[in-house]
Amino acid sequence: MMGAVRVRRAIVALVAVAVLYGIAAQIGRGRLPDRIWMGAHYVDNVKLLPTWQQLAEEGAYLVESEILLDSVVVSTRRVAIGLVLGSVAGILLGLLTGWASRIESLADPWVTFFRFAPALALLPLYVVWFGYGETSKVLLIATNVAVITLLGAHQGVRGVPRVYLDAAASLGAGRWLRFRKIVLPAAFPSIFGSVRIAVGLAWVTIVVAELIDARMPSLGYLLALSGTYPRVPTMLIALATVGALVLVFDLLALLLHARATRWMGRTA
Amino acid sequence: MTATLSPPALEAEDVSYTYSGPPPTHALQNLTLRVRDNEFLAVLGPVGCGKTTLLRIFAGFLRPTSGKVRCAGSGIDGPGWQRGYVLQEQAIFPWMTVRENVEFGLLAKGVEPSAREAVSDELIKLIGLTAFEAAYPKDLSAGMSKMVEVVRVLATDPSILLLDEPFGALDAQTRARMQDALARLWEQRRKTVLFVTHDVEEALYLADRIVVLSERPGKLKAQFEVAVPRPRSVNTRFSAGFLALKREIWDATGR
């Protein structure tokens, strides 16, 4: 199986990075400055490149104190809700606009408008509209996800090859059957590709969104907090945690994808 | 004969078709054509002579710019299963298994699963793909896929088949095999077939009658009755009558 090879490669790459980092940290210990200027004051005892031992100590503390686990739970929950809400809304809208414009063959300048509108810029607006609570955080993720998945679904539907629709129509399929049995499966790869991008984007968004009403526990605030002290080991561990969570989400998405596209040749 | 009493299965009367430009393309010009009931008619012509346009008009995807088309005496208004249409391009649905592809027309008609299965069983067996019934098209050869497309339109039992160079993209050997399969199919099920091709031998091997179209804009250039006895086989391809007719058509197509 290709899977086993890929897993082995990933492990080798990970170990290599870890070893290289360890070597760099050992070399840097005692050589890198211990005191840095933070713009307004000096900070002593910064570990610019913490060794594996220091990271392990910090990690153990974050785990034991349950700070890390609580943060992961809170942030993951927000991302998950935002992803579901955003994907459902985005995909439904994209299917609708795609199918409608397919028939009326409208030009779609608004697609371009949305593609490049930075959804993170909505943050201040959402704070005003929805307050400092959960709602604005989840909705910000949902909006980001919806824009991406809307485009994916819209373009997926528009890209359905004419021949399949013609063949289905001449076999007697009405519009609804054509939509269900031709358009949906044919657009699926494009929709799914956009969901995968959205998963990564949702995590980027949450880290920023958690700066509104910043409070623990949350991964975003953990990162921000460790930056102000600064505590490099905490930062690195929080970053690695976000990275690992993105990987897990992506893996889940890929599993879903593999199940839904058994009909496609194995190219990915 | 009875053919003169009942209206022809398919009829094009003085049909012209122009694709709006710029520049406008005159694909067909004043074409009159009648396909008799249960006749296998091959339309032969060079690439770009409007063969596909003619078929798409009969299939209901295009309306003639002028002239009339009729199916069994009544006008054609949009696509429908009564005229089974096999497109020139590969149009097997890649996300459906062979069986699901074959059953699609029946699904559209609202036929129950058990009845659908009975029909698809028979058709899949007919083309020798029983072992592949659960396979996806990615695991089929191009020839197999095309045969699935052909029997897919047969599932709803249309009285008319419109075939647009179904074997155009296949190698010579596979092509000959597919032609045999189609000939057997037609001998068993007698349908009105309008078969578009640019291959003289293919037209001769399969058809009862051949019409030759001119280069664009497509006009009727010549007609031939193919009085070659059925069932036809490999030997038919080398019989004197077959070869003489082939020569005649070659000359008529002006190559």
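How many bridges join strand β1 (residues 10-19) of chain B to β2(B), and in which sense do the two strands run? In this predicted model, seven bridges join them, and the two strands run antiparallel.

## The open sheet of chain B

The pairing of β1(B) with β2(B) belongs to an open sheet of four strands, which in chain B follow the order β2-β1-β4-β5 with antiparallel pairing. The edges of this sheet are formed by β2 (25-35) and β5 (74-75) of chain B, each of which pairs on one side only. Within the pair formed by β1(B) and β2(B), a reader who wishes to find the register in the structure can start from B:Ala12, which stands opposite B:Leu33 in β2(B).

## Strand β9 and its partners

Strand β9 (residues 209-213) of chain B has four of its five residues buried, so it is largely enclosed by the rest of the structure. Strand β3 (residues 40-44) of chain B runs parallel to β9(B) and is joined to it by four bridges, and in this pairing B:Val43 stands opposite B:Val211.

The pairing of β9(B) with strand β10 (residues 220-225) of chain B is antiparallel and extends over five bridges, with B:Val212 placed opposite B:Ala222 of β10(B). These two strands, β9(B) and β10(B), are joined by a hairpin through six residues.

## Helix α2 of chain B

Is helix α2 (residues 51-59) of chain B largely enclosed or largely open? Eight of its nine residues are buried, so the helix is largely enclosed by the rest of the structure. The buried residues of α2(B) include the charged-type names B:Lys51 and B:Arg56 as well as B:Leu54, B:Leu55, B:Ile57 and B:Phe58. Just after α2(B), the backbone at B:Gly60 takes a positive phi of about 100°.

## Backbone features in the loops of chain B

Two residues of chain B that are not glycine have a positive phi, and their surroundings can be described in turn. B:Asn38, in the loop between β2 and β3 of chain B, has a phi of about 60°; with 16 other C-beta atoms within 10 Å, B:Asn38 is partly exposed. B:Glu165, in the loop between β7 (160-164) and α6 (172-189) of chain B, has a phi near 40°. Because 20 other C-beta atoms lie within 10 Å of B:Glu165, and 20 or more is the cut-off for a buried residue, B:Glu165 counts as buried.

A further backbone feature is found in the loop between β10 and α8 (234-237) of chain B, where B:Pro231 has its place. The peptide bond that leads from B:Arg230 to B:Pro231 is cis, with omega near -5°.

## Chain A: elements, domains and dimensions

Chain A contains 10 helices and two strands, and from the N terminus on its elements run α-β-β-α-α-α-α-α-α-α-α-α. The chain is divided into domain 1 (1-57) and domain 2 (66-260), whose C-alpha centres lie 31 Å apart. The contact between them takes seven residues from domain 1 of chain A and five residues from domain 2 of chain A. On the side of domain 1 that touches domain 2, the residues divide into five nonpolar, one polar and one charged.

As for overall dimensions, the C-alpha trace of chain A spans about 75 × 50 × 30 Å along its principal axes. The radius of gyration of chain A is 23 Å, whereas a compact globule of 268 residues would have one near 18 Å. Of the 268 residues of chain A, 32% count as buried. Among the contacts in chain A with a separation of 6 or more, 75% are accounted for by residues 24 or more positions apart.

## The contact between chains A and B

The contact between the two chains takes 21 residues from chain B and 15 residues from chain A. On the side of chain B that touches chain A, α3 (98-109) and α5 (142-154) of chain B each supply at least two residues, and α3(B) gives the most, with four residues. The residues of this side of chain B divide into 14 nonpolar, three polar and four charged.

Note on methods: Residues are numbered from 1 along each chain as its sequence is written. Chains are lettered from A and ligands numbered from 1 in the order in which they are written. This is a predicted model: local features need pLDDT of at least 70, side-chain atom pairs count only at pLDDT 80 or more; totals for chains, interfaces and linings use all residues. Domain bounds come from an automatic or database domain assignment. A residue is buried if 20 or more other C-beta atoms lie within 10 Å of its own, exposed if 12 or fewer, and partly exposed in between; C-beta atoms are placed from the backbone. Two strands pair if DSSP finds at least two bridges between them. The radius of gyration is taken over C-alpha atoms; the globule rule is 2.2 Å times the number of residues to the power 0.38.
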